[in-house]
Amino acid sequence: MPKIDHINLAKLCVGAETIADLEAWIKRRAMEQGDAFRHVHVTRMWPKQEAKVLAGGSLYWVIKGVMQCRQKIIGLDEVTGADGIRRCAIVMDPQVVRTAAAPRRPFQGWRYLKPEDAPPDLPSHRRAETALPAKMEQALSEIGLR
């Protein structure tokens with residue numbers, strides 16, 4: 001088995017009810033910004049394991065209590081807010097990859113997610129299917145059916 005030398009991040013996707021909401025938000029931002037579009041999420045904390053995050057990590061999104069998708073992390077940029085505080089802009093590939101549903105309790109900020117603890121990507125024949133309601137996804141996941 002090949003050695004895995006990266007680490008992922010997990011984050012609550014606040015404001016999104018579904019994966020489609022996240023995808024629509026990304027598409028809207030891309031249209032507004034045109035050629036200058038870079039998909040970023042700005043967070044207060046900088047990952048101490050920066051090298052491992054950049055070695056192939058993804059940001060796994062938790063939507064309505066269920067980890068449902070991920071985006072490949074392609075960079076970490078320093079940004080300074082209007083308040084003068086240094087923050088981390090997580091730069092991601094805009095493509096959203098659906099994953100198997102994995103229930104998660106609420107948390108603040110982001111968390112490290114080991115590759116062995118990350119839900120697998122959905123097989124290609126299931127990536128385009130309509131997402132189930134969050135509560136149903138969570139119930140199926142809890143009994144091992146999703």
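Partly exposed residues are those whose relative accessible area falls between the buried class, under 20%, and the exposed class, over 50%. The close-up views below are taken from a predicted model.

**View 1. Aspartate 121 and arginine 70 form a salt bridge.** At 30% relative accessibility, aspartate 121 falls in the partly exposed class. Its partner, arginine 70, counts as buried at 15%. Their side chains meet with an N to O distance of 2.8 Å. Arginine 70 belongs to strand E4 (residues 66–80), while aspartate 121 sits in the loop between strand E7 (110–113) and helix H3 (134–142), so the contact ties together parts that are 51 residues apart in sequence.

**View 2. Glutamate 23 and arginine 98 are joined by a salt bridge.** The closest N and O atoms of the two residues are 4.0 Å apart. Because glutamate 23 is in helix H1 and arginine 98 in strand E6, this pair ties together parts 75 residues apart in sequence. Glutamate 23 is partly exposed, with a relative accessible area of 30%, whereas arginine 98 is buried, at 13%.

**View 3. A salt bridge links arginine 86 and glutamate 78.** The N to O distance between these side chains is 3.0 Å. Arginine 86 has a relative accessibility of 43% and counts as partly exposed. For the model as a whole, the count of salt bridges comes to 6.

**View 4. Cysteine 13 and cysteine 69 are not bonded to each other.** The cysteine sulfur closest to that of cysteine 13 belongs to cysteine 69, and the 6.5 Å between them is too far for a bond. A disulfide would need the two sulfur atoms within 2.5 Å. Cysteine 69 is in no disulfide, and the count for the model is 0 disulfides. Both residues of this view are buried: cysteine 13 has a relative accessible area of 9%, and cysteine 69 has one of 0%.

**View 5. The largest pocket has 19 lining residues.** About 300 Å³ of space lies in this pocket. Rolling a probe the size of a water molecule over the atoms shows where empty space is left. Leu12, Cys13, Val14, His41 and Trp61 are the lining residues that lie nearest the centre of the pocket. Cys13 thus appears in this view as well as in the preceding one, where its sulfur was compared with that of cysteine 69.

**View 6. Helix H1 gives the largest share of the lining of the largest pocket.** This helix, which spans residues 19–33, supplies 5 residues of the lining. Strand E1 (8–12) and strand E2 (39–43) each supply at least two residues of the lining as well. By type, the lining consists of 10 nonpolar, 5 polar and 4 charged residues. Helix H1 also holds glutamate 23, the residue paired with arginine 98 in View 2.

**View 7. Proline 103 lies 4.3 Å from valine 66, C-alpha to C-alpha.** In sequence, these two residues are 37 residues apart. Proline 103 is found in strand E6, which covers residues 97–103. With a relative accessibility of 25%, proline 103 counts as partly exposed. Strand E6 is also where arginine 98 of View 2 is located.

Notes: Residues numbered from 1 in each chain as written. Predicted model: local features only at pLDDT ≥ 70, side-chain atom pairs only at ≥ 80, totals over all residues. Heavy atoms only, no water. Helix = DSSP H or I, 4+ residues; strand = E, 2+ residues; numbered from the N terminus. Buried < 20%, exposed > 50% of the residue type's maximum accessible area, 1.4 Å probe, protein only. 1 Å grid on protein atoms, 1.4 Å probe; cavity = no way out; pocket = protein on both sides within 12 Å on 5 of 7 lines; lining within 4 Å. Points joined across faces, edges and corners; volume = space filled by probe spheres on them. Nonpolar A, V, L, I, M, F, W, Y, C, P; charged D, E, K, R; others polar.
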